[in-house]
Amino acid sequence: MKLSLSLAAILPACALALGACSSVAPVAPAATALTQEVRQTGEIVDLRSGQRLNPEQLLARLAAAPRVIVGEEHDQLSHHRIQQWLLAQLQGQRAQGAVLLEMLNPDQQAKVDEVKPWLQSDPVVRSEHVAKLLAWQPSWKWELYGDLVMEAMRAPYPVWSANLDRSEIKQLFAAQPTLQGKHSNLANEAKVRAQQERIIREMHDNQIDAPRLAAMLSVQQQRDRRMAERLLAAPAPALLIAGGYHAAKDMGVPLHVQDLTGSAPPMVLMLAQRGASITAQQADFVWFTPVAPAAAGTQ
């Protein structure tokens, strides 16, 4: 799993309560080619049983869950193709309540809400124009995310932001507030702190001082908490797409969901390149994809 936690990356990194809508949508003909592509992409494992699954078997399990988190490697196009397929296929099985994206900030929500009804009328429009209308952040490469975002924006369910605004992150970086929670509180959970410290240090080649590390840990925790709050507030069934470290059950959003609800964590599907070490403590399912080079300039 790859997730840059540098300040430059997290800065570009709730809003309106949208009602759930919609009936189950038919599978679009264009989905056939994508389905064929996805069926040939990698291997799916149920980490709880060790069973190998085909995409349709995975889909049936995800469709039954009220909340799902899909963890990605941001720079892997195959992960976004799988996500696009999941959105189309889940909506074909039951009405989707909401989709949440780490890539959207609260200050973009009004733009999403304005553009979405227009796109649902199926206008002829270049996706790059939609990116401009949404004020899509350049740090999330549109050539990787464009098809996925267009799938969600043309669908009948609401799309919610799941991240923090730049202004919020700046304030949190300076103030470093402590979260309360049995599972997620860095002050109480040494294991969570150790994992996140290790990741941040690795991302910075161990060239990071203690004050900056502490600030980045605080921001990361607050981002996870925001995603958990948004996921819980969204109309169900809800699906959150986020980086793998946010999705992980042993240190990310699921811990915050447990703290906020006292109930079981959401179902987690991790997308990872073949050879990655993903355990049942981190996810319920893993979809291993072929090893591919990182796209230049991605987070």
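Let's start in the middle of things: the largest nonpolar core in this structure counts 47 residues, and the ones with the most contacts inside it are L62, W136, L269 and W287. Where do the residues of this core come from? The largest share, eight residues, is supplied by helix α7. There is also another core lying apart from it, with 30 residues, including W160, A234, Y245 and A247. Keep in mind that you're looking at a predicted model.

Since α7 gives so much to the core, let's walk along it. The helix covers residues 142-154 and bends by about 25° at L148. L148 is also one of the buried residues of α7, and the others are W142, L144, Y145, G146, V149, M150, A152 and M153. If you want a rule of thumb for reading that list, an α-helix has 3.6 residues a turn, so residues three or four places apart point the same way. And what do the buried residues of α7 pack against? Their partners are the strands β3 (67-72), β5 (159-161) and β6 (238-243), together with the helices α4 (77-93), α5 (109-120) and α6 (127-133).

Now for the charges. Side chains of opposite charge can pair when their charged atoms come close. Searching the whole structure turns up eleven salt bridges. One of them takes us back to α7: R154 pairs with D122, with 3.0 Å between the closest N and O atoms. This pair links distant parts of the chain, as R154 belongs to helix α7 while D122 sits in the loop between α5 and α6, 32 residues apart. R154 is partly exposed at 28% relative accessible area, whereas D122 is exposed at 57%.

E128 and R126 form a salt bridge too, their closest N and O atoms being 3.6 Å apart. Here E128 is partly exposed, with 38% relative accessibility, and R126 is exposed, with a relative accessible area of 58%.

Is the pair K249 and D284 buried or exposed? Buried means under 20% relative accessible area, so K249 makes the cut at 19%, and D284 does as well at 7%. Their side chains meet in a salt bridge with an N to O distance of 3.0 Å. K249 lies in the loop between α11 (244-247) and α12 (253-261), and D284 in the loop between β7 (267-273) and β8 (285-289), so the bridge ties together parts 35 residues apart in sequence. Finally, E37, R81 and D147 are joined into one network by salt bridges that share partners.

How values were computed:
Residues are numbered from 1 along each chain as its sequence is written. This is a predicted model: local features need pLDDT of at least 70, side-chain atom pairs count only at pLDDT 80 or more; totals for chains, interfaces and linings use all residues. Side-chain values use heavy atoms; hydrogens and water are left out. The bend at a residue is the angle between axes fitted to the seven residues ending there and the seven starting there. Helices (H or I, at least four residues) and strands (E, at least two) are DSSP runs, numbered from the N terminus. Buried means under 20% relative accessible area, exposed over 50%, partly exposed in between (1.4 Å probe, protein chains only). Contact means heavy atoms within 4.5 Å. A nonpolar core is a set of buried Ala, Val, Leu, Ile, Met, Phe, Trp, Tyr and Cys residues joined through side-chain atoms within 4.5 Å. A salt bridge is a side-chain nitrogen of Lys or Arg within 4 Å of a carboxyl oxygen of Asp or Glu.
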